[in-house]
Amino acid sequence: MDGRKLIQILWPAFVIAGAAEAVFFTVFDPRDLRLYGEPLEASRTAIYSVGFFALWLVAAASSALTIFFQRTAAEINRCPIPDARDRPVGCPRRADGGTCS
Amino acid sequence: MNDVNKAAVPSRKPVEVAEQALYEIRKKIYPRAVTGKFASLRWLFVWLTQIVFYGFPWLVWNDRQAVLFDLAARKFYIFGLVFWPQDIVYLTALLIISAYSLFLFTAVAGRVWCGYACPQTVYTEMFLWIEHRVEGDRTARMRLDKEANGTRKIRLKLTKHALWIALALWTGFTFVGYFTPIKPLFQDVVNFSAGGWATFWILFYGFATYGNAGWMREQVCKYMCPYARFQGVMFDPDTLIITYDTQRGEPRGSRNRSADYRAKGLGDCVDCGICVQVCPTGIDIRDGLQYECIGCGACIDGCNQVMAKMGYPKGLIRYSTENALRTQMNSQQIARRAARPRILVYSGILMAVVVIAMVTLYHRIPVKVDVIRDRANTLRGMDEPVVENVYRLQIMNTDELPRQITIRVSGLEGMTIESEAQPLEIRGATNRVVPVRVKVQRAGVEPGSHRIDFTVEARESAPGSQAEPIVIHEKASFVLH
């Protein structure tokens, strides 16, 4: 995976996680949350922080799926073609000479 | 800072430094420093916003930090106001106000937010200033980057990055200081005893500042900013934008200052390339309005200096509107077009939300009560003649006056209430959870759920206070099996 795709996954997820964090923790007090029925031991700051990264992870998973599903049919069908020049016109990997992985 | 004047024959060929940037192959941009009306205006905004940002956490109000978003205590202090999670409607109002202000400014004068007040612009400006002090002007910086690594280059680069990191860390510290009391935090940081999460967020925000303002710069605006993508929908042909006057400028071309350029069929543009060199996003404004343009006005300042040197009138690149350029309007006519329906609607909604928010804030009742019935305790005493329900009353004193609280209950015949000795004292800007037992004789009450009402009366504790007590009614249910 190239850096560009990585940031396309992480950056929008970061923005959404920030918004979701604000909404979620405005409504719920970390002290009222329970983990498998047990009250959380950690400080509010710790729960906010861990919560943010959890939300970021969830949002990033969604972005990653978006990127994954963006591959065209041509790419999926014909990507095992090792020589990039033989790939169909419009395939984003046609020019770069890389493999499909 | 008078770079533009120094460069009589500026080189039009920027050094080709292609770096594999995060988004795409990016040619590194070396913005030339510029002086002029809009550069001064931007510096004014850098000062204003940063005095507020770096200064506010240190202000003291009623013996506490004046502006503190105390996440650990779930209370936001803004001078005399204290906000609780229940006050989220004010946060919503603030967001609506911010959004409509942005719409309004954009519709009137394009991306003024981006050009002058956006943190990305402001910090880039500050980081560029450091870069300029350390590495020199644009040409010097380009030469330095082309040089092989030597002692001088390494020394300059180290100095620049050290200064950048110092500023970034201070920014990160200040940011965290908005969410956790800054004075104890400062002590902790100095003694290397700050908590793990505080340290983490200082470094995180510091790193983001360093990365965004030092390295990413215009890429943040071009690829990461949602506003840059949708600001176009707020534009119309009467929106002020930074434009190049094609009619006046073309055909562009270099010329001798003494030559009669009009006789040679040339326009006013001397094609010096200054407008491109000063542009922080590296575009050519002469190609027309582009989404990369952050509306900073650097090209206007740059071009005006060249025009002055050539003895031509200023404003070849200027703030104007699409309609004004087409029909040759003067500035009064442009100003008159500002009162168009879109602007009036945006202003109307903005004013309405501001007024409503202010009025509700002014009339905000400074005491809030939440009643939570303690379910675990409702079944007590199945066979006893007296039935008891237990409640927890969360009483919030949202402003800074201490108050005395009396709790009464009504709704069922012969109800009695037991709690700690009343009146209860509740300090300013605090909340208190008060457990209350409500009892009623079983005889004469149907089994099931009954609605009851708690009446909470809050009286200012200050002796001699003439203020009317605040009376709050909160309903609850009383369960009898």
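Helices here are DSSP runs of H or I with at least four residues, strands are runs of E with at least two, and both are numbered from the N terminus. This is a predicted model, where local features need pLDDT of at least 70, side-chain atom pairs count only at pLDDT 80 or more, and totals for chains, interfaces and linings use all residues. Residues are numbered from 1 along each chain as its sequence is written, chains are lettered from A and ligands numbered from 1 in the order in which they are written, and side-chain values use heavy atoms, with hydrogens and water left out.

**View 1. The largest cavity, with α5(B) as its main contributor.** A cavity is a set of points on a 1 Å grid over the protein atoms alone where a 1.4 Å probe fits but cannot get out, while a pocket is an open set with protein on both sides within 12 Å along at least five of seven lines; lining residues have an atom within 4 Å of a point. Points are joined across faces, edges and corners, and a volume is the space filled by probe spheres set on them. Across the whole structure, 3 cavities of 30 Å³ or more turn up, and the largest cavity holds about 450 Å³. Look for P31(B), T124(B), E125(B), L128(B) and P280(B), which sit nearest the centre among its 27 lining residues. α5(B) (119-135) puts 7 residues into the lining, and α2 and α10 (218-224) of chain B each bring at least two. By class, the lining splits into 15 nonpolar, 5 polar and 7 charged residues (nonpolar: Ala, Val, Leu, Ile, Met, Phe, Trp, Tyr, Cys and Pro; charged: Asp, Glu, Lys and Arg; polar: the others, Gly among them).

**View 2. The second largest cavity, with no charged residues in its lining.** This one has a volume of about 100 Å³. Of its 13 lining residues, C279(B), I283(B), C293(B), C296(B) and C299(B) are the closest to the centre. The lining counts 10 nonpolar and 3 polar residues.

**View 3. The second largest pocket, lined from chains A and B.** Here about 610 Å³ of space is enclosed by the pocket definition, and 21 residues line it. D29(A), D32(A), R44(A), Q394(B) and N431(B) lie nearest the centre. α1 (3-27) of chain A joins β10 (367-373), β11 (386-397) and β15 (430-441) of chain B in supplying at least two lining residues each; β11(B) gives the most, with 3. The lining has 9 charged residues, alongside 8 nonpolar and 4 polar.

**View 4. The largest nonpolar core, centred here on I317(B) and its contacts.** A nonpolar core is a set of buried Ala, Val, Leu, Ile, Met, Phe, Trp, Tyr and Cys residues joined through side-chain atoms within 4.5 Å; buried means under 20% relative accessible area, exposed over 50%, and partly exposed in between, with a 1.4 Å probe and protein chains only. This core has 39 residues, and I285(B), C299(B) and I317(B) touch the most other members. α14(B) (298-310) provides the largest share, 7 residues. Leaving out residues up to four places away in sequence, I317(B) touches I242(B), T243(B), Y244(B), C275(B), I285(B), C299(B), I300(B), C303(B) and N304(B), where contact means heavy atoms within 4.5 Å. A second, separate core of 27 residues includes V409(B), V438(B), F454(B) and L480(B).

**View 5. I67(A) in helix α2 (44-69) of chain A.** Chain A runs α-β-β-α-α along its sequence, and 29% of its 101 residues are buried. I67(A) is buried as well, at 14% relative accessible area. Setting aside residues up to four places away in sequence, I67(A) touches K5(A), Q8(A) and I9(A). D86(A) is 19 residues along the chain from I67(A), and their C-alpha atoms are separated by 24 Å.

**View 6. Backbone oddities in the loops of chain B.** Two cis peptide bonds are worth a look: E250(B) to P251(B), with omega near -10°, and Q422(B) to P423(B), with omega about 0°. P251(B) is in the loop between α12 (246-249) and α13, and D271(B) lies in the loop between α12 and α13 too. D271(B) has a positive phi of about 55° without being a glycine, and is partly exposed at 23%. F192(B), another non-glycine, has phi near 55°; its relative accessible area is 80%, so F192(B) counts as exposed.
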